[in-house]
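The following questions and answers introduce a structure to a reader who has not met it before. Please have the sequence and the model at hand.

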Amino acid sequence: MVKKQDAIYAAPLNEIIDFHFDEQVADVFPDMIQRSVPGYGTMISTIGILAAKYAQANSHCYDLGCSLGAVSLAMRQRITQPDCDIIAVDNSEAMIERGQQLLASDTDATVPVKMVCANIQDVPIEKASVIVLNSALQFCIYIFII
Ligand SMILES: C[S@@+](CC[C@H](N)C(=O)[O-])C[C@H]1O[C@@H](n2cnc3c(N)ncnc32)[C@H](O)[C@@H]1O
């Protein structure tokens with residue numbers, strides 16, 4: 001994957017606008033998150049290892065707030081349990097669209113991944129053995145306080 005350099009906030013802005021996980025952000029997201037979350041790469045590979053340990057046969061693994069699906073890719077490369085799949089959820093259409101392209105190019109792993117564009121709040125959690133919210137819980141913390 002070609003990692004485009006994030007320069008979204010490199011130049012002064014005339015107007016401060018709200019941050020959105022839109023097309024512009026999705027385009028540079030791998031560079032943006034690696035520079036802004038210390039140890040991001042280690043977290044992703046560790047999640048893959050933990051998923052391999054805790055995923056159970058005939059269950060779903062959830063990647064909530066999946067962005068481009070880095071967690072899903074790490075999990076699918078490690079999980080060996082039969083009849084286990086991954087459900088990746090994000091409410092940014094731009095993220096899901098690009099994530100699906102990345103997923104399609106990951107031809108080595110066989111664990112099925114379904115990418116869903118939806119609010120995490122609206123997704124039923126069923127038959128789950130692993131649920132990951134990597135750098136995502138802070139965006140939807142209101143789920144738990146309302
Ligand atoms: C910092 S990114 C997560 C990074 C990703 N988990 C990873 O490990 O690469 C946060 C993501 O959560 C998504 N998000 C925020 N609130 C959401 C919600 N209520 N439902 C679904 N996705 C949400 C955003 O669109 C964004 O892609």
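The questions below concern a predicted model, beginning with its ligand and ending with its salt bridges.

Q: In which pocket does the ligand sit, and how much of the ligand's accessible area does the protein cover?
A: The ligand sits in the largest pocket. On its own, the ligand has 610 Å² of accessible area, of which the protein covers 95%.

Q: Which helices each supply at least two residues of the shell around the ligand?
A: The ligand is surrounded by 22 residues, and those that come nearest are Tyr 40, Gly 65, Ser 67, Asp 90 and Asn 134. The helices that each supply at least two residues of the shell are α1 (23-36), α2 (40-54) and α3 (70-78).

Q: How many residues of the shell around the ligand are charged?
A: The shell includes 14 nonpolar residues and seven polar ones. The number of charged residues is one.

Q: How far is an oxygen atom of the ligand from an N or O atom in the side chain of Tyr 40?
A: Asp 90 has a side-chain N or O atom 2.6 Å from an oxygen atom of the ligand. A polar backbone atom of Asn 91 is 3.2 Å from a nitrogen atom of the ligand. For the side chain of Tyr 40, the distance from an N or O atom to a ligand oxygen is 2.5 Å.

Q: Which residue meets Asp 27 in a salt bridge?
A: The structure holds six salt bridges. One of them joins Asp 27, in helix α1, to a residue 23 residues apart from it, in the segment before α1. The N to O distance is 2.9 Å, and the partner of Asp 27 is Lys 4.

Methods: Residues numbered from 1 in each chain as written. Predicted model: local features only at pLDDT ≥ 70, side-chain atom pairs only at ≥ 80, totals over all residues. Heavy atoms only, no water. Near = heavy atom within 4 Å. Polar contact = N/O pair within 3.5 Å; in protein donor to acceptor, adjacent residues only side chain to side chain. Areas by Shrake-Rupley, 256 points an atom, 1.4 Å probe, with all protein chains shown as cover. 1 Å grid on protein atoms, 1.4 Å probe; cavity = no way out; pocket = protein on both sides within 12 Å on 5 of 7 lines; lining within 4 Å. Sits in = over half its atoms within 2 Å of the grid points. Helix = DSSP H or I, 4+ residues; strand = E, 2+ residues; numbered from the N terminus. Nonpolar A, V, L, I, M, F, W, Y, C, P; charged D, E, K, R; others polar. Salt bridge = Lys/Arg side-chain N within 4 Å of Asp/Glu carboxyl O.
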